[in-house]
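This note concerns side-chain pairing in the structure shown here. It is arranged as numbered points for the reader to follow alongside the coordinates.

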Amino acid sequence: MFPSRGAAVTAALLVATVWGCGDEGGPPESPSRSAETPRTPLADPDEGVGADVCSACHADIVLAQAEHPMAQTAGVVTQATRDRWFSDEMLARAISWPAEIGAQPAYEIQADGRVRFTAPGGDPPEVPVDAVFGSGLRGLTPVSFAAGRRLRELRLSFSHARDGWFPTPGGEEDEDALGNLDTAEESANCIGCHATALAWEEDGRFDPHGAVLGVSCERCHGSGIAHVEAQSGGGDPGSIFHPGRLAPADQVAFCGQCHRQPTDFEPREILARDPLLARHAGASLMMSACFRESAPETTITCTECHDPHLPDPAGPVRTRAVCSRCHEDIPSLHRQTVVTAESDCAGCHLPTESEAFHGTPFTDHWIRLPGDPPTPASAAGRRELAWLEELYQRRIPEENPPAKAARIRAGLAELLHVRGARGEAQALLRDALDLGADYETRLKAGALFRDGGRIPEALSLFREAAGEQPRTPHAHYELGETLLQSGDFASAVGPLTIAAELSADSAGVHAALGAALHGADRPAEAVAAFRDALRIEAELPAALGPLAGILAAHPRRDLRDPAEAVRLAERLAGQFSFQEPRSLDLLGAALAAAGDFTGAMQAAERAANLATNAGAAADAAAFSQRLALYRAGRPYVGPLPTTDVRP
């Protein structure tokens, strides 16, 4: 995919979502799940009774829950509440804003006391700050509401770990300087995890004053009207939904409405255990062997460690009790680590992840042994792949909006593709496209079609996506990369040029453009593109090798620079500890161009021997031919096979 993108990417029930919206998808269908399970906020505040009514019988619980981070996960910005987030002291905090992502925006207090977000080049140039999402434990993201039930996450968020403002995660590449305006579906997903009841004005603009922001009683328990009426009439007091009575697996999926499920992410992010997943405890917990390899009716749940009504986190005593339910003799399981009955299991098996997300600490709820993730071919890796595939299969029958249904099918198609079931994968991709796939899903479908050899379909999808979002670089890059892989260098230059202009900080895009220009016999422009790539990423093999090859052996003398070619080739070969044959062949050509035929012979002979031992007969023959030239005191002039060199 696009080289500069971080992989497109929840806390446990105790911790409210801080940045980025969750998915409204509820628990997977199962016989144990109640048909009345709340899956969205109340559509209207009048559909509920409110926490004050609940407190008449549950005063202690309501009072404690009001201090819970979930209850604080959104707030309306008014003149009365403004200084909680936008005091002079807060606005004076440092702003970490990379210049390459555009002009720096700012929050300003207007003469009327309202807070507005301004940005040069924004469309419109400023918007009101209506609310703030985030409990404040780790940070906050201000938001602005628009007509048509749409939301804009503003591009400047606050991090308590950094004690300052920084670009809102996920919005770094937004086209609008203020922050892209989400679709109605995306907005509903985001608002739904930060509100108990929704309210809308006549023009479809969200009404933060009429809504009930934050997660309170009726967000998890559903409307309390029938329950209150039953109580007042002396009827059955059980007429209220209770998530704690769900089957354990369904309870975790219920919490995953906001704290996410594995199917809410790109499959590659899950399988690679992207560190950013530490933000999303629901998804991480559901991938844990403790969850997926236990019986659904007895598996580990969120509420065993976290009380949704109490703000205090679980301590070692509670986590040990949960772990010892299945692992009775914990000390005997640790052969190389001293562990006692009082040790904290979470310290090792639920590590804190902080460096991967702007210095903000999150507990990684993917319970596992310390160490690297399993390889896809290993038994453990195959089990993870099969489990993730099963989760996707469960969600296929759900009734979802078309774009979401398409994303689920495309995700399953990616997993089938990884497993080698390409026919099934392509059929699912066609289903996804027929449903009305969004931009990102079409990019994924195009990439999978390309990898499956269906180049015309891939090119059609990338052209369609590039036309839909011409100011977004990813489709242009994918289109150019597909043409490049197909050998149509001249046609690849155009889309890769656009991608490079739109993503000036991506070394991979500039390197791909250089390869297209080189293949299209435009070597001087290729040199410039490769140099641009190396200015961004000095050791990028995809630029080091081709540039060194041009400078060492291009037929045009005016393009050659043997001394620089040697420096570049040495850096490339050094990445492989001088054990990779093609990089050694390149080094030999550069040394010969610089007149060092002794060094050139040594490098070429080593390259030929390594290629022979690896069974690469064609490469070995080419290296031997160049070796003969160096022995005769002659440099090599011509193309060098460096484009496939990877670290």
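The points below take up salt bridges and then cysteines in this predicted model.

1. Salt bridges in total. The structure contains 36 salt bridges. A few of them are described in the next points.

2. E304 and R325. These two side chains form a salt bridge, with an N to O distance of 1.9 Å. The pair connects distant parts of the chain, 21 residues apart: E304 lies in the loop between α11 (289-292) and α12 (316-323), and R325 lies in the loop between α12 and α13 (345-349). R325 has a relative accessibility of 39% and therefore counts as partly exposed.

3. R419 and E389. A salt bridge at 3.0 Å, N to O, joins the side chains of R419 and E389. Here the distant parts of the chain are helices: R419 belongs to α15 (residues 402-419) and E389 to α14 (residues 379-395), with the two positions 30 residues apart in the sense that they are 30 residues apart. R419 is partly exposed, at 44% relative accessible area, whereas E389, at 12% relative accessibility, counts as buried.

4. E539 and R571. The side chains of E539 and R571 meet in a salt bridge at 3.2 Å, N to O. E539 is in the loop between α22 (523-536) and α23 (541-553) and R571 is in helix α24 (residues 562-575), so this salt bridge ties together parts 32 residues apart in sequence. E539 is partly exposed at 37% relative accessibility, and R571 is partly exposed at 32% relative accessible area.

5. A shared network. R273, R292, E293, R383 and E384 are joined into one network by salt bridges that share partners.

6. The disulfide. A search of the whole structure yields one disulfide. C193 and C258 form it, with their sulfur atoms 2.4 Å apart. The torsion about their S-S bond is about -95°, so the disulfide is left-handed. It links distant parts of the chain, 65 residues apart, with C193 in the loop between α5 (184-192) and β10 (195-197) and C258 in helix α8 (residues 248-259). Both C193 and C258 are buried.

7. Cysteines C54 and C302. C54 takes part in no disulfide, and the nearest cysteine sulfur, in C217, lies 4.0 Å away. C54 is buried, with a relative accessible area of 18%. For C302, the closest cysteine sulfur is that of C255, at 3.9 Å, which is too far for a bond because a disulfide requires sulfur atoms within 2.5 Å. C302 counts as buried at 7% relative accessibility.

Note on methods: Residues are numbered from 1 along each chain as its sequence is written. This is a predicted model: local features need pLDDT of at least 70, side-chain atom pairs count only at pLDDT 80 or more; totals for chains, interfaces and linings use all residues. Side-chain values use heavy atoms; hydrogens and water are left out. A salt bridge is a side-chain nitrogen of Lys or Arg within 4 Å of a carboxyl oxygen of Asp or Glu. Helices (H or I, at least four residues) and strands (E, at least two) are DSSP runs, numbered from the N terminus. Buried means under 20% relative accessible area, exposed over 50%, partly exposed in between (1.4 Å probe, protein chains only).
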